[in-house]
Amino acid sequence: MGRVIAAGVALGLCAVLLGSPPAIADSADSGRLELAVTLDDRPITNATVTVDPAKQLELTVTATNSGGTAVKVRSVRVSGVALALTFFAYDTTAPFEVPAHSRVTRTFVLDMADLSGQAIGLLPSTVELLDAQRGTLGEAATVADIRGSFWSVYGAFGLAMLVLTVLAWLTALLALARHRLPANRWRRGLRFLPAGFGTGLVAVVSLSVLRLVPPEPAIEIPVVLGAAVIAFLLGYLTPHPAPAPAAADVDTVRFPDATKEFNR
């Protein structure tokens with residue numbers, strides 16, 4: 001059971017530490033565009049934008065091409081990422097061309113009704129322009145306040161991590177109470193480590209769902225690693241498990257030989 005819990009928490013940790021950023025097209029081949037994006041006439045840069053899945057969104061993208069060659073855009077993508085996992089992504093095909101040293105503005109109407117079942121809370125989000133090879137020509141970042149369902153994919157992910165974390169703590173603490181932890185301090189620390197990782201992941205998701213702090217790398221990585229270090233130290237500093245009680249000594253009662261004398 002403990003190995004299953006540790007494996008589940010480890011998967012969440014790998015998502016944080018090993019997730020790779022989206023590919024960006026080579027600027028020498030396809031050029032780079034500078035984007036100015038508004039959502040329902042509100043600039044998204046350095047702002048938190050509210051996204052209500054029940055309503056259509058009007059996305060306006062202004063692309064500026066400072067290069068010497070025209071850039072062909074095939075589609076626009078709106079996506080949200082947390083813990084290095086993409087929880088939603090919407091692509092809209094709308095080919096257009098941005099001539100050299102020019103600026104082009106396009107407006108898209110997005111129907112994001114499915115977003116209610118995909119995410120909830122604060123999520124770092126990006127608006128990207130893609131070329132025919134799905135490479136990124138330009139992007140603008142923001143934080144989306146998604147008014148989705150608590151039972152969305154992101155919410156269910158947080159609940160799953162909470163259950164695994166509680167089980168990890170129960171397993172470690174029961175082993176401590178029953179004096180079944182390893183005698184080696186480092187191994188005792190490692191026994192508590194999955195519970196620490198899980199606690200950090202749950203904290204990151206909870207702060208996001210409660211709309212307090214978005215799960216950006218500058219926040220999520222220190223929180224997860226910090227919780228893991230604290231849990232490891234708790235395990236390292238736990239008292240040495242008491243030795244197993246020795247088998248009770250059996251009292252040996254010796255009866256002296258009785259010599260019976262019979263008078264003849």
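Here are some friendly notes on this predicted model, centred on strand 8 and the loop that follows.

1. **Overall layout.** Let me start with the whole chain. The protein contains five helices and nine strands. Following the sequence, the order is α-α-β-β-β-β-β-β-β-β-β-α-α-α, so do keep that pattern in view while reading the points on strands 8 and 9.

2. **Burial, contacts and surface.** The protein has 264 residues, and 41% of them count as buried. Taking contacts between residues at least 6 apart in sequence, 74% join residues at least 24 apart. The accessible surface comes to about 15,300 Å², and carbon and sulfur atoms account for 60% of that surface.

3. **Strand 8 and its cover.** Strand 8 spans residues 121-130. You will find this strand mostly covered, with nine of its 10 residues buried.

4. **Pairing with strand 5.** One partner of strand 8 is strand 5, which runs over residues 71-82. The two strands are antiparallel and share six bridges. To find the register on screen, look for Arg77, which stands opposite Glu128 of strand 8.

5. **Pairing with strand 9.** Strand 8 also pairs with strand 9, residues 136-146, again in the antiparallel sense. Here the pairing extends over 10 bridges. A handy marker for this pair is Leu123, with Ala144 of strand 9 opposite.

6. **The hairpin turn.** Strands 8 and 9 make a hairpin, and five residues lie between them. One residue worth a look in the turn is Arg134, whose phi is positive at about 65°.

7. **Asp131 in the loop.** Is Asp131 buried or exposed? Although Asp131 sits in the loop between strand 8 and strand 9, this residue counts as buried because its relative accessible area is 8%, under the 20% cut-off. Across the sequence, Asp131 and Ser75 are separated by 56 residues, yet their C-alpha atoms are 6.8 Å apart in space. Ser75 falls within the residue range of strand 5, 71-82.

8. **Polar contacts of Asp131.** Which backbone nitrogen does the Asp131 side chain reach at 3.0 Å? That nitrogen belongs to Gln133. The backbone nitrogen of Gly135 is also involved, lying 2.7 Å from a polar atom of the Asp131 side chain.

9. **Putting the pieces together.** Strand 8 pairs with strand 5 and with strand 9. In the loop after strand 8, Asp131 is buried, and its side chain has polar contacts with the backbone nitrogens of Gln133 and Gly135.

Notes: Residues numbered from 1 in each chain as written. Predicted model: local features only at pLDDT ≥ 70, side-chain atom pairs only at ≥ 80, totals over all residues. Heavy atoms only, no water. Buried < 20%, exposed > 50% of the residue type's maximum accessible area, 1.4 Å probe, protein only. Helix = DSSP H or I, 4+ residues; strand = E, 2+ residues; numbered from the N terminus. Pairing = 2+ DSSP bridges. Contact = heavy atoms within 4.5 Å. Areas by Shrake-Rupley, 256 points an atom, 1.4 Å probe, with all protein chains shown as cover. Polar contact = N/O pair within 3.5 Å; in protein donor to acceptor, adjacent residues only side chain to side chain.
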